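Me: I should like to work through this structure step by step. Please begin with a term that will be needed, and then take my questions in turn.

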Amino acid sequence: TGQSRQIILEHLKMAVESGIPMAVRIPVIPDYNDSVEDGHGFGTLLKEYGVQEAHLLPFHQFGAAKYRQLGRTYEYERYEAVTEEELEPFAEVLRSYIPSVRIGG
């Protein structure tokens, strides 16, 4: 987003400390945040903040038409939707950090 993540992390901390059950939703985007290393990074962060549940949201092409309508270039046009099977290794990495991880939201 080009902005500091500090406000997001402060809100995450408040949400976890509230005790209200919640899940962090992570859009997984090819060549952006879909590597096993990214999974370890998310896992470390989520564990540090006490997050208990995460939902991995597989990349899809639903937004491509909106970009065309706006006359904008859609940088991910060449990518296919990510399947649940493709996300399973990422999910397994996260499961080594937090108790509940599911694919889809």
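Reply: A polar contact is a pair of N or O atoms within 3.5 Å; within protein, one atom must be able to donate a hydrogen and the other to accept it. Please keep in mind that the model is predicted.

Me: Which residue has a polar side-chain atom 2.6 Å from the backbone nitrogen of Ile-29?

Reply: The residue sought is placed in the loop between β1 and α2. Its side chain also reaches the backbone oxygen of Pro-27, at 2.9 Å. The polar side-chain atom that lies 2.6 Å from the backbone nitrogen of Ile-29 belongs to Asn-33.

Me: Is Asn-33 buried or exposed?

Reply: Leaving aside neighbours within four places in sequence, Asn-33 is in contact with residues including Ile-26, Asp-38, Phe-42 and Phe-90. The cut-off for a buried residue is under 20% relative accessible area. Because its relative accessibility is 9%, Asn-33 counts as buried.

Me: Which non-glycine residue has a positive phi of about 60°, and is Asp-31 buried or exposed?

Reply: Most residues other than glycine have a negative phi. Asp-31, which is not a glycine, has a positive phi of about 60°. This residue is found in the loop between β1 and α2. Because its relative accessibility is 59%, Asp-31 counts as exposed.

Me: In what order do the three strands of the open sheet stand?

Reply: The edge strands are β1 and β3, each of which pairs on one side only. Four bridges join β2 to β3, and these two strands run parallel. The order in the open sheet is therefore β1-β2-β3.

Me: Which residue of β3 stands opposite Leu-56?

Reply: Beyond four places in sequence, Leu-56 touches Val-101, Arg-102, Ile-103 and Gly-104, among others. Of the residues in β3, the one that stands opposite Leu-56 is Ile-103.

Me: Which element gives the largest share of the largest nonpolar core?

Reply: In soluble globular proteins, nonpolar side chains tend to be buried together. The largest nonpolar core has 22 residues, of which Ile-26, Leu-46, Leu-56, Leu-87 and Leu-94 touch the most other members. Two or more residues come from each of α1, β1, α2, β2, α4 and β3. The largest share, four residues, comes from α4.

Me: Which residue forms salt bridges with Glu-88 and with Glu-92?

Reply: In the bridge of Glu-88, the closest N and O atoms are 2.5 Å apart, and in that of Glu-92 they are 2.7 Å apart. Glu-92 and its partner are separated by about one helical turn because they are three residues apart in helix α4. The three residues are linked in a network of salt bridges, and the partner of both Glu-88 and Glu-92 is Arg-95.

Me: How far apart are N and O in the salt bridge between Glu-17 and Lys-13?

Reply: Glu-17 and Lys-13 both lie in helix α1, four residues apart, about one turn of the helix. Glu-17 counts as exposed, at 58% relative accessibility, whereas Lys-13 counts as partly exposed, at 44%. Their side chains meet in a salt bridge with an N to O distance of 3.9 Å.

Me: How far apart in space are Ala-64 and Gly-2?

Reply: Ala-64 is found in helix α3 and counts as buried because its relative accessibility is 5%. Leaving aside neighbours within four places in sequence, Ala-64 is in contact with Tyr-74 and Glu-77. Ala-64 and Gly-2 are 62 residues apart in sequence, and their C-alpha to C-alpha distance in space is 22 Å.

Terms used. Residues are numbered from 1 along each chain as its sequence is written. This is a predicted model: local features need pLDDT of at least 70, side-chain atom pairs count only at pLDDT 80 or more; totals for chains, interfaces and linings use all residues. Side-chain values use heavy atoms; hydrogens and water are left out. A nonpolar core is a set of buried Ala, Val, Leu, Ile, Met, Phe, Trp, Tyr and Cys residues joined through side-chain atoms within 4.5 Å. Buried means under 20% relative accessible area, exposed over 50%, partly exposed in between (1.4 Å probe, protein chains only). Contact means heavy atoms within 4.5 Å. A salt bridge is a side-chain nitrogen of Lys or Arg within 4 Å of a carboxyl oxygen of Asp or Glu.
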